[in-house]
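Let's take a walk through a protein model together. Have a look at the picture first, then read on.

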Amino acid sequence: MQLHFSPSMRSITISSSNGFIDLMKIKVAARHISYRTLFHTILILAFLLPFVFILTALVTLEGVNKCSSFDCLGRRLGPKLLGRVDDSGRLVKDFYKILNQVNTEEIPEGLKLPDSFSQLVSEMKSNQYDARTFAFMLRGMTEKLEREIRESKFAELMNKHFAASSIPKGIHCLSLRLTDEYSSNAHARRQLPSPELLPVLSNNSYHHFVLSTDNILAASVVVASAVQSSVKPERIVFHVITDKKTYAGMHSWFALNPVSPAIVEVKGIHQFDWLTRENVPVLEAVENHNGIRNYYHGNHVAGANLSDTTPRTFASKLQARSPKYISLLNHLRIYLPELFPNLDKVVFLDDDIVVQRDLSPLWEIDLRGKVNGAVETCKGEDEWVMSKHFRNYFNFSHPLIAKNLNPNECAWAYGMNIFDLRAWRTTNIRETYHSWLKENLKSNLTLWKLGTLPPALIAFKGHVHPIDPSWHMLGLGYQNKTNIESVKKAAVIHYNGQSKPWLQIGFEHLRPFWTKYINYSNDFIRNCHILES
């Protein structure tokens, strides 16, 4: 086919290429523009069309969505002007459809999963997998990775539990060396306190603290921090209670390292005439019951359905199975009125606390006839520590619990408590505590799992007076994100939780608040290689 333009540019003749008669003759109307301009326009279009097709091909290959600059405007509009439609949206929808199908089906047996993403890409290239096979392999790799991460997390929690339940080598060394010192050094066996100070032990004009522990290093920090933070340390009397095996070492420490002008009494459980099997029958059963001992000392994973358990729930269950919860030392606070019959008011401290402020104002707090002055743990922003209600401690699916307790009742904290012993002696708190311990033993520990606080929550029900939270900050052994400024302002900081400051799993940035009260120049501390962190 040939085009013939007349010399005047008024007509265009289209004829067959073999020279036959004209097929069509077009008469051009009177021009309003230059024919020469029209001719040039046709030539320019003929020149540009190949480039339009090239740009269209590039857009198809690279993806039109990758081009966002002004220079790419032609590349965006080119396919649309030529009637081409971008298929990327449809491809994505098709891939979503394949993913949904693969998600509801079983992974084919024998499907070999790559060990890495780069291996997956390499196999995709070499084996030319279709989208469905790719989706199955991606799902299989993801599920495998999730299982490995989950198993690793549970293993970490188990290791942390064992670390928290163990006795560090340095602390064990300290106890052994001090026990040996007790047998060979008369000065380590001297009477505590000296005979002329014995009347002070029952003098209610002094501020009496009670500490129950078998950890000599922790006890030294509690006593030292309380004395150094006090405005009137000469008014402080510490009653340190320990077990029989630790008594000699504990006595040696405070005999050789006095905290004058404060007064320290060290007493073993075996030295209290009142603590007999007749008076504490339930606790005797708790310590010697085979089922109970297996629960706290046995295999913590056997029988546990980890596939239906979250790591956080598993961590809580492990915490509830700490062996310390069946120790008489941990239950001892429920017998304070009987152990100290001549005292009217005491402050009971756990061994994992540090005193940072003068605590003498605690004796001025009016408990309004209540027995226990404590910080409530249901009114804070911290979800892990300060959002505790009864439902967090008790099994409300048990009819006995559901009948007697309110799941929304606010819990309170052990660790730093003001006890009015005179008011306590008029109640049946101890009897209630024993009664509920018996019920829990009968129900095979189905009423609650976590140690000494649940029965105390019941026994002290109606006998608790809330005190300002600034007196007692909790959670330093639970979480790494504890606010440092809040720690500095608290009167007492409590390392409750597994990450105790004397353990390697303790939080490094929180440990200095504890280690500042250790005398690293002491010969026993140095010889046992208890080093500052």
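Is strand 6 (residues 263–268) largely enclosed by the rest of the structure or exposed, and why? Strand 6 is largely enclosed, because five of its six residues are buried. Buried here means under 20% relative accessible area, with exposed over 50% and partly exposed in between (1.4 Å probe, protein chains only). Strands (E, at least two residues) and helices (H or I, at least four) are DSSP runs, numbered from the N terminus.

## What kind of model this is

This is a predicted model, where local features need pLDDT of at least 70, side-chain atom pairs count only at pLDDT 80 or more, and totals for chains, interfaces and linings use all residues. Residues are numbered from 1 along each chain as its sequence is written, and side-chain values use heavy atoms, leaving out hydrogens and water.

The pLDDT is the predictor's confidence in each residue, from 0 to 100. The protein chain averages 82, and 73% of the residues score at least 70. Over residues 19–24, though, the pLDDT is below 50. Where pLDDT is low, the predicted coordinates should not be read in detail.

## The sheet

Strand 6 belongs to an open sheet of seven strands, in the order 6-5-4-7-10-9-11, with mixed pairing. Two strands pair if DSSP finds at least two bridges between them. Strand 6 and strand 11 (464–466) are the edges, each pairing on one side only.

Next to strand 6 runs strand 5 (residues 236–242), parallel and joined to it by six bridges. Thr-242 stands opposite Gly-268. Over at the other edge, three bridges join strand 9 (residues 372–374) to strand 11, again parallel, and Asn-372 stands opposite Val-464.

## A buried valine

Val-347 sits in strand 7 (residues 345–349). With 0% relative accessibility, Val-347 counts as buried. Contact means heavy atoms within 4.5 Å. Leaving aside residues up to four places away in sequence, Val-347 touches eight partners: His-208, Phe-209, Val-210, Leu-362, Trp-363, Met-416, Asn-417 and Ile-418.

## The nonpolar core

A nonpolar core is a set of buried Ala, Val, Leu, Ile, Met, Phe, Trp, Tyr and Cys residues joined through side-chain atoms within 4.5 Å. The largest one has 69 residues, and Phe-254 is among those that touch the most other members. Helix 7 (residues 216–229) gives the most to this core, with ten residues.

Not counting residues up to four places away in sequence, the contacts of Phe-254 include Val-223, Val-240, Val-264 and Val-266.
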